[in-house]
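Biologist: Could you take me through one small part of this model, slowly, and then show me how it fits with its surroundings? I'm new to this, so please explain the terms as you go.

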Protein chains: 2
Amino acid sequence: MNSMVSVWTDHELAVAREVFERAHGRAVQALIATVQRQSEQLDSVDALWQLHDFLSIQRHRIEGNFDFRLEGILFVFAGLVKEGLLEPAELQDLDDEKQSKIMAMARF
Amino acid sequence: MNSMVSVWTDHELAVAREVFERAHGRAVQALIATVQRQSEQLDSVDALWQLHDFLSIQRHRIEGNFDFRLEGILFVFAGLVKEGLLEPAELQDLDDEKQSKIMAMARF
């Protein structure tokens, strides 16, 4: 993890926090829309437990993805870019090295 | 559990199975209606996880309640009467002793 250690300016920290919150909001809104669509179609006990299983997985995924700790934040951003929850352009206020690391990790 | 052992006629078995399925259907329909109402009001990540917790509890409750094994079925019926998922009149084809046991347990 040593290569992940970067120096963060106050501005970069503020940008990271803002971008992070925005992506989290998008993930939550997307999940709400999916849950509402699935709920409308509920017609059996199996469908209920499928919705429950789906929520269990999504909760685990979202709580895992949105862990704002600086030592792993570039990796988190890479995952969000990969999932389409962040556009690379939203990261342009981070320095070039951080952006490069994020985009490199987002390719895997 | 020895006092729970009863003799079941074929007719009583058929009635028990039918009443059991009917109460299960009611529980499922009630839960679907509640989930749909809660889903419509989702507006935050906390509300999503509250819905998830609610489904976890209801799944545990329904899967526990609807365990069709004869050695415990009178106890199960008592719980369903207590929860309003079965009317005592629906049990009238069971013999008097079984009905009495169910109603006695339903009072606790």
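Modeller: Let's start with B:Gly64, which counts as exposed because it has 10 C-beta neighbours inside 10 Å (exposed is 12 or fewer other C-beta atoms within 10 Å, buried is 20 or more, partly exposed is in between, with C-beta atoms placed from the backbone). Keep in mind that this is a predicted model, where local features need pLDDT of at least 70, side-chain atom pairs count only at pLDDT 80 or more, and totals for chains, interfaces and linings use all residues. Residues are numbered from 1 along each chain as written, and chains are lettered from A and ligands numbered from 1 in the order written.

B:Gly64 sits in helix H2 of chain B, residues 45-65 (helices are DSSP runs of H or I, at least four residues, numbered from the N terminus). Now hop to B:Gln36: its C-alpha atom is 23 Å from that of B:Gly64, and the two are 28 residues apart along the chain.

B:Gln36 takes us to H1(B), where B:Val35, B:Gln36, B:Ser39 and B:Glu40 meet A:Val35, A:Gln36, A:Ser39 and A:Glu40 of H1(A) (contact means C-beta atoms, placed from the backbone, within 7 Å). Of the residues in this contact, two are nonpolar, four polar and two charged (Val is nonpolar, Glu charged, and Gln and Ser fall among the polar ones).

How do the helices lie? H1 of chain A and H1 of chain B, residues 10-40 in each, pack at about 150° with axes 9 Å apart, so H1(A) and H1(B) are roughly antiparallel (that's over 145 degrees).

Zooming out, a rotation of 180° with 0.0 Å of shift along its axis lays chain A on chain B, RMSD 0.0 Å (fitted on C-alpha atoms with pLDDT of at least 70 in both). The two copies are therefore related as by a two-fold rotation axis. Both use the same surface, too: 100% of chain A's contact residues recur in chain B.

Conventions: Contact = placed C-beta atoms within 7 Å. Axes fitted to C-alpha atoms, helices over the stretch in contact; angles between N-to-C directions. Helix = DSSP H or I, 4+ residues; strand = E, 2+ residues; numbered from the N terminus. Parallel < 35°, antiparallel > 145°, perpendicular 65-115°, else oblique.
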